Amino acid sequence: MKNRSHKRRESRGLGAFFLAFTMPFLILSGCTFDNSSTIQAKKIIQYHDDRYKDNPLSGTVINGVRVITLKAYQFYFSPSTIVVNKGERVRLIVSAEDVPHGFEIEGLSIPGYNIETVIRPGFPVTVEFTPDEKGAWEIICTIYCGFGHSTMKGTFVVK
Ligand SMILES: [Cu+2]
């Protein structure tokens with residue numbers, strides 16, 4: 001009996017020892033996960049840089065701002081591909097054409113824009129930003145809009 005409780009205490013000690021030594025690694029690996037996803041995005045960027053080089057620029061430049069209308073439908077975006085220049089001011093006017101939708105350019109944070117914003121039909125959302133990195137990102141719908149929601153994707157290209 002005495003022997004068993006001693007063993008249990010020993011295993012508990014081992015658990016704490018294990019946790020103390022693995023915790024920093026778990027935290028560190030969480031950090032490296034973020035870093036590796038950035039590296040992965042860069043690889044996609046290089047790939048798309050070549051792929052989209054012949055695509056025309058989207059929208060119209062008004063007073064130095066590239067103004068683009070992006071319409072969200074069940075279950076696609078129109079246009080499906082948006083092409084802009086690196087370093088130019090971009091204004092995206094996003095409208096929901098049937099049911100409420102949301103939008104996000106995945107991996108690209110737009111200052112002042114909350115990706116949880118619900119875009120309701122008749123109430124377009126305007127965002128403005130200056131892309132400072134070449135590449136291609138995925139435009140996704142962030143508000144569940146029906147069975148095809150997860151397939152609702154577009155491409156945002158900066159060249
Ligand atoms: Cu959706």
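Me: How many bridges join strand β8 to β9, and in which sense do the two strands run?
Reply: In this predicted model, β8 covers residues 135-140. One of its pairs is Ile 140, whose bridge partner in β9 is Lys 153. The two strands are joined by 6 bridges and run antiparallel.

Me: In which sense do β4 and β9 pair?
Reply: Strand β4 spans residues 81-84 and β9 spans residues 153-158. Thr 81 has Thr 155 as its bridge partner in β9, and Ile 82 stands opposite Phe 156 of that strand. Over 4 bridges, the sense of the pairing is parallel.

Me: Which strands stand at the edges of the open sheet of 4 strands?
Reply: The sheet has the order β4-β9-β8-β6, and its pairing is mixed. A strand with a single partner has one side left without a neighbour in the sheet, so the edges are held by β4 and β6 (104-105).

Me: How many helices and strands are there in the chain?
Reply: Along the sequence, the pattern opens with α and continues as β-β-β-β-β-β-β-β-β. The count is 1 helix and 9 strands.

Me: What share of the contacts with a separation of 6 or more links residues 24 or more positions apart?
Reply: One pair of residues distant in sequence is Thr 130 and Arg 89, which are 41 residues apart along the chain while their C-alpha atoms are separated by 4.6 Å. For the chain, the share of such contacts between residues 24 or more positions apart is 70%.

Me: Which element gives the largest share of the largest nonpolar core?
Reply: This core has 24 residues, and those with the most contacts inside it are Ala 72, Val 94 and Phe 156. Two or more residues come from each of β2 (65-73), β4, β5, β8 and β9. The largest share is 4 residues, and the element that gives them is β5.

Me: Which residues does Ala 72 touch, leaving out those up to four places away in sequence?
Reply: Ala 72 is among the residues with the most contacts inside the largest nonpolar core. Its list of touching residues includes Val 94, which is also named among the most connected residues of that core. In full, Ala 72 touches Phe 77, Val 94, Ser 95, Ala 96, Glu 97, His 101, Phe 103, Ile 119 and Cys 141.

Me: Is Arg 91 buried, exposed or partly exposed?
Reply: Arg 91 lies in strand β5, residues 89-96, and touches Val 65, Arg 66, Val 67, Thr 126 and Glu 128 beyond its sequence neighbours up to four places away. A buried residue needs 20 or more other C-beta atoms within 10 Å, and an exposed one has 12 or fewer. Arg 91 has 15, so it is partly exposed.

Me: Which residues does Thr 130 touch, not counting residues up to four places away in sequence?
Reply: Thr 130 is found in the loop between β7 (125-129) and β8. With 13 other C-beta atoms within 10 Å, Thr 130 is partly exposed. The residues it touches are Gly 87, Glu 88, Arg 89 and Val 90.

Me: What is the mean pLDDT of the chain?
Reply: A pLDDT of 70 or more is reached by 69% of the residues, and the mean for the chain is 81. Residues 1-8 have pLDDT below 50 and 0 contacts beyond near neighbours in sequence. Residues 26-37 are also below 50, again with 0 such contacts. The mean pLDDT of the chain is 81.

Definitions and conventions: Residues are numbered from 1 along each chain as its sequence is written. This is a predicted model: local features need pLDDT of at least 70, side-chain atom pairs count only at pLDDT 80 or more; totals for chains, interfaces and linings use all residues. Two strands pair if DSSP finds at least two bridges between them. Two residues are in contact if their C-beta atoms, placed from the backbone, lie within 7 Å. pLDDT is the predictor's confidence in each residue, from 0 to 100. A nonpolar core is a set of buried Ala, Val, Leu, Ile, Met, Phe, Trp, Tyr and Cys residues joined through C-beta atoms within 7 Å.
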